[in-house]
Amino acid sequence: ELGIDLWYKVKPCGRLVRPVAPTRIPGRYLSHQEGLPKLPVPSLQQTCERYLATLEPIVDEEELSHTKELLAEFQKAGGVGERLQKGLERRARKTENWLSDWWLTTAYLDYRMPVVVHSSPGVVLPRLEFSDRQGQMRFAAKLIAGVLDFKTMIDNETLPVEYLGGKQLCMNQYYQVLSSCRVPGLKRDSVVNHAHRSRPPTHITVVHNFQFFVLDVYNSDGTPLTVDQLYMQLEKVWSSSLQTNKEPIGILTSNQRNSWGKAYNNLIKDKTNKDSVQAIQKSIFTVCLDAPMPCVSDELYHSRAAVQMLHGGGSRWNSGNRWFDKTLQFIIGEDGSCGLMYEHAPAEGPPIVSLIDHVVEYTKKSEMVRTPMVPLPMPQKLRFNITPEIKKDIEKAKQNMNIMVHDLDVKVIVFSHFGKNVPKTHKMSPDAFIQMGLQLAYYRMYQRCCATYESASLRMFKLGRTDTIRSCSIDSANFVKAMDDPAKQKIEKVTLLEKAVKAHRAYTDMAIHGQAIDRHLLGLKLQAIEDLTSMPEIFMDTSYAVANHYNLSTSQVPAKTDCVMCFGPVAPDGYGVCYNPMAEHINFAVSAFNSCNETNAAHMAQRLEEALLDMRMLLESTPKAKL
């Protein structure tokens, strides 16, 4: 399960209202954090009722009636459900957030698939106007300076507090993304954060031609290096890493987590290797200076760039030019491609996007700073001693990476017909409108509805991460089935669409206020494991497996920048769909696996375009009912 986040802009009041943008007010981080409410534990009865309603469109009647019986048993007075609920409520009283540690562990650190494709999202930024190394270096220098400018706000705790519908949001994730790194384990990973140490790191890592460098980005007086100074340092890095035959040590980080955990323990037995790995882990962030990728047409550029940001294109291209465990890696290609990828454990999309928006604006400014003429030390190249065993691990990781690369099918489209403007004229939430478009596209391809995951932010609560908006509902199913039914009148279809959109808005509202069902059910399940009692039958039930098999894993990640985030599917026969709705166009990234014959990213993207256009046509060709 991925928790790629979503800005839900709503006012928490009884009536559904037009989404409002989060406003920012400068404030001190810690005093602000203390005033945040704790994540509630929803009532057991409410969750069981809502769970049944979400199952209705995706499981058959026989399974549904069996689940009804199990839920009735589970909710009996003095029964299993009540006992687990009390345990959860006790946990909520004792902890800052009853969910956050459990979620970090279950969703990320215990997950043993590679972080590449399966967990870490990529972000494609607008293509840059350069095609040589000077342009690449100049932009990289500006980007580094922009991130350091953002870091100053984090360090001084002057980062403006974000608001959602008048409620302050938890800002904790911003303090987790710099100077942090995931560390592999044999059965469970961990995350290290060096930002809060008494002497926090002052260097970044730069990787070029698979070779890693430590680059100090602060002068001895604590001021950040200027863009010109950074440019000169990057030139030094470039000219001392021209060999292209180096072992791609970074590709080890792309392996299945247990294999990488074993290889990691073996790698760091050597002191030189251990010091080099620690320098990468401690660095504020990583900059990957990529070699050019294969040329493609302008139309395919975004899809190729998405692949570069997600996995690097394979061992022949840039997959060895990464440290996939690093929380933040900015990727700048010699051919003008630009973006980043992030390791998902410490944070969701919005804080990352907020950082991106700041950095992109910063890179557009012309430099006014006079550069001090002090000689700067040579950036230090990190050394690795590669034993035959490590060489074998690298070869295996290369093979596995290339299999993943061949399996991932990604299609990025710019839907240019309209953006948030059209749904808004019809007084509909743009997010709900797009989600209904996805439901319709899927139904047209497969003649059935499927469990759909859309992430909702829980940042109204202290240390909040995400919950699930289940976009497939009884109302969405009624709409998609009616849409292509010739027996149905247009006016009826419009009414069903409006009802489906309203239901989605209501579920969204419920989710951001901590009243969705998925994390609560997970909590009850984990509580049972912690209590060492037998697993309740509702979690062994077919319906539960169906409900958690997300053929559509989706996320809205809005940004001011004209970018798009992308991630892999969470089911072997599923799709990953991420979108950034702009005023007059929408950026979509659709992913699927080639190993599944039933799925095809380009087909899904095309069906999605058609669905959105048909929905607009339906609304515009139907006269409004007279009140």
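Select helix 6 and check its length: at 1.5 Å a residue, its 23 residues should span 33 Å, and the end C-alpha atoms stand 32 Å apart, which agrees. The model on screen is predicted. Of the 23 residues of helix 6, 17 are buried, so the helix is largely enclosed by the rest of the structure. Step just past the end of helix 6 to E157, where phi is positive, at about 55 degrees.

**The eight-stranded sheet**

Keep helix 6 (residues 133-155) and add what it lies across: strand 7 (203-208), strand 9 (286-290), strand 10 (328-333) and strand 11 (338-342). The helix runs at about 155 degrees to strand 10. These strands belong to an open sheet of eight, in the order 12-8-7-9-10-11-2-17, with mixed pairing. Strand 12 (380-381) and strand 17 (564-566) are at the edges with a single partner strand each, so one side of each has no neighbour in the sheet. Zoom in on strand 12, which runs antiparallel to strand 8 (residues 211-216) and is joined to it by two bridges. Here F213 has K381 of strand 12 as its bridge partner.

Now select helix 9 (residues 271-282). Its twelve residues reach 16 Å from the first C-alpha to the last, close to the 16 Å expected at 1.5 Å a residue. Colour its buried residues, which are N273, S276, V277, A279, I280 and Q281. What do the buried residues of helix 9 pack against? They pack against strand 5 (180-183), strand 7, strand 8, helix 8 and helix 12 (388-407).

**Aromatic rings**

Show the aromatic side chains; the structure holds 14 aromatic pairs. Go to W260 and Y264, whose ring centres are 5.4 Å apart with the planes at 80 degrees, so this pair is edge-to-face. Both residues lie in helix 8 (residues 257-267), four residues apart, about one turn of the helix. W260 and Y264 are both buried. Extend the selection to F212 and W323, which form one aromatic cluster with W260 and Y264.

Next, pick Y446 and Y575: with ring centres 6.5 Å apart and planes at 50 degrees, the pair counts as tilted. This pair links distant parts of the chain, 129 residues apart, with Y446 in helix 14 (residues 430-446) and Y575 in strand 18 (residues 575-581). Y575 has 0% relative accessibility and therefore counts as buried.

Two arginines can be added to the ring display. R91 lies over the face of W102, 3.6 Å from the ring centre. The charged end of R519 sits over the ring of W103, at 3.8 Å from its centre.

**The six-stranded sheet**

Strand 18 leads to another open sheet, with six strands in the order 13-19-18-16-14-15 and mixed pairing. Which strands stand at its edges? They are strand 13 (408-415) and strand 15 (466-470); each has a single partner strand, so one side of each is left without a neighbour in the sheet. From one strand to the next, the twist averages 25 degrees.

Select strand 13 with strand 19 (residues 586-593): the two pair in the antiparallel sense over eight bridges. Within this pairing, K411 is opposite V590 of strand 19. Bring back helix 12, which lies across strand 13 and strand 19 and runs at about 45 degrees to strand 13. Finish on helix 17 (residues 518-530), which packs on the sheet and touches strand 14 (452-457) and strand 15. The direction of helix 17 makes about 120 degrees with that of strand 15.

Conventions. Residues are numbered from 1 along each chain as its sequence is written. This is a predicted model: local features need pLDDT of at least 70, side-chain atom pairs count only at pLDDT 80 or more; totals for chains, interfaces and linings use all residues. Side-chain values use heavy atoms; hydrogens and water are left out. Rings of Phe, Tyr and Trp (its six-membered ring) pair if their centres lie within 6.5 Å; planes under 30 degrees apart count as stacked, over 60 as edge-to-face and the rest as tilted. Buried means under 20% relative accessible area, exposed over 50%, partly exposed in between (1.4 Å probe, protein chains only). A charge sits over a ring if NZ of Lys or CZ of Arg is within 6 Å of the ring centre and within 35 degrees of the ring normal. Two strands pair if DSSP finds at least two bridges between them. Contact means heavy atoms within 4.5 Å. Axes are lines fitted to C-alpha atoms, for helices over the stretch in contact, and angles run from 0 to 180 degrees between N-to-C directions. The expected span of a helix is 1.5 Å times one less than its number of residues.
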